[in-house]
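Me: I would like a close look at one part of this model. Please start from a single contact and then work outward.

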Amino acid sequence: QVQLVESGGGLVQAGGSLELSCTASGSIGSLITMAWYRQVPGKQRELVAIITSSGRINYADSVKGRFTISRDNAKNTVLLQMNSLKFEDTAVYYCSVRGDYGVGFLDHWGQGTQVTVSS
């Protein structure tokens, strides 16, 4: 069983900052990628940022220069530092990890944490 525990969401004014944290535990295998997605009602879930085990990073164009993803491999933790937040960043943010089990990969998801940016 895999558990992803997310924290750090909340309400912030536009221009403010928040840091999201996600820690994976249980039968997670070897973590290949750790990522943050977000979703607003009526829209598809979108990738915000992703980081590989070797540290390769990709960001959605909408957050480049404002968000920073990082990971602590020893703690199976991924962070998302969000600066200069905009109203349009309001969404439920989900942590996702991909585990390598030697015979295949599995994606695991957190329960989501709400980020609300007031204009």
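With which side chain does the side chain of Arg38 make a polar contact of 2.9 Å?

Reply: The partner is Tyr93: its side chain and that of Arg38 make a polar contact of 2.9 Å. A polar contact is a pair of N or O atoms within 3.5 Å, where within protein one atom must be able to donate a hydrogen and the other to accept it, and residues adjacent in sequence count only if both atoms are side-chain atoms. The model is predicted, so local features need pLDDT of at least 70 and side-chain atom pairs count only at pLDDT 80 or more, while totals for chains, interfaces and linings use all residues. Residues are numbered from 1 along each chain as its sequence is written, and side-chain values use heavy atoms, with hydrogens and water left out.

Arg38 itself belongs to strand β4, which spans residues 30-39. Strands (E, at least two residues) are DSSP runs, numbered from the N terminus. Arg38 counts as buried because its relative accessibility is 6%; buried means under 20% relative accessible area, exposed over 50%, and partly exposed in between (1.4 Å probe, protein chains only).

A second polar contact joins the side chain of Arg38 to that of Glu46, at 2.6 Å. The pair Arg38 and Glu46 also forms a salt bridge, with 2.6 Å between the closest N and O atoms. The rule asks for a side-chain nitrogen of Lys or Arg within 4 Å of a carboxyl oxygen of Asp or Glu, and by it the count comes to five salt bridges. Glu46 is partly exposed, because its relative accessible area is 34%, whereas Arg38 is buried.

Arg38 has another salt-bridge partner in Asp89, the closest N and O atoms being 3.0 Å apart. This pair links distant parts of the chain, since Asp89 sits in the loop between β8 (77-82) and β9 and Arg38 in β4, with their positions 51 residues apart. Both Asp89 and Arg38 are buried.

Asp89 in turn meets Arg66 in a salt bridge of 2.7 Å, N to O. Here too distant parts of the chain are linked: Asp89 is in the loop between β8 and β9, and Arg66 in the loop between β6 (57-59) and β7 (67-72), 23 residues apart. Asp89 counts as buried because its relative accessible area is 1%, and Arg66 counts as buried because its value is 10%. Taken together, Arg38, Glu46, Arg66 and Asp89 are linked in a network of salt bridges.

What else does Arg38 touch, not counting residues up to four places away in sequence? Contact means heavy atoms within 4.5 Å. Besides Glu46, Asp89 and Tyr93, Arg38 touches residues including Gln44, Arg45, Val48, Ser62, Val63 and Phe67. Glu88, Ala91 and Val92 are also among the residues that Arg38 touches.

Arg45, one of the residues touched by Arg38, is also in contact with Trp109. Trp109 lies in strand β10 and is partly exposed, because its relative accessible area is 40%. Leaving aside neighbours within four places in sequence, the contacts of Trp109 further include Leu4, Tyr37, Tyr94, Cys95 and Ser96. The C-alpha atoms of Trp109 and Arg98 are separated by 9.1 Å, and the two residues are 11 apart along the chain.

The strands on either side of the loops that hold Arg66 and Asp89 can be followed a little further. Strands β7 and β8 pair in the antiparallel sense over six bridges, where pairing requires that DSSP finds at least two bridges between two strands. Within this pair, Thr68 stands opposite Gln81 in β8. Strand β3 (residues 18-26) pairs with β8 in the antiparallel sense, over six bridges, and Leu18 has Met82 in β8 as its bridge partner.

The hairpin of β7 and β8 has four residues between the strands. Asn76, in the loop between β7 and β8, has a phi near 50°, a positive value in a residue other than glycine. Asn76 counts as partly exposed because its relative accessible area is 25%. Ser84 likewise takes a positive phi near 50°; its place is in the loop between β8 and β9, which also holds Asp89. At 40% relative accessibility, Ser84 is partly exposed, while Asp89, at 1%, is buried.
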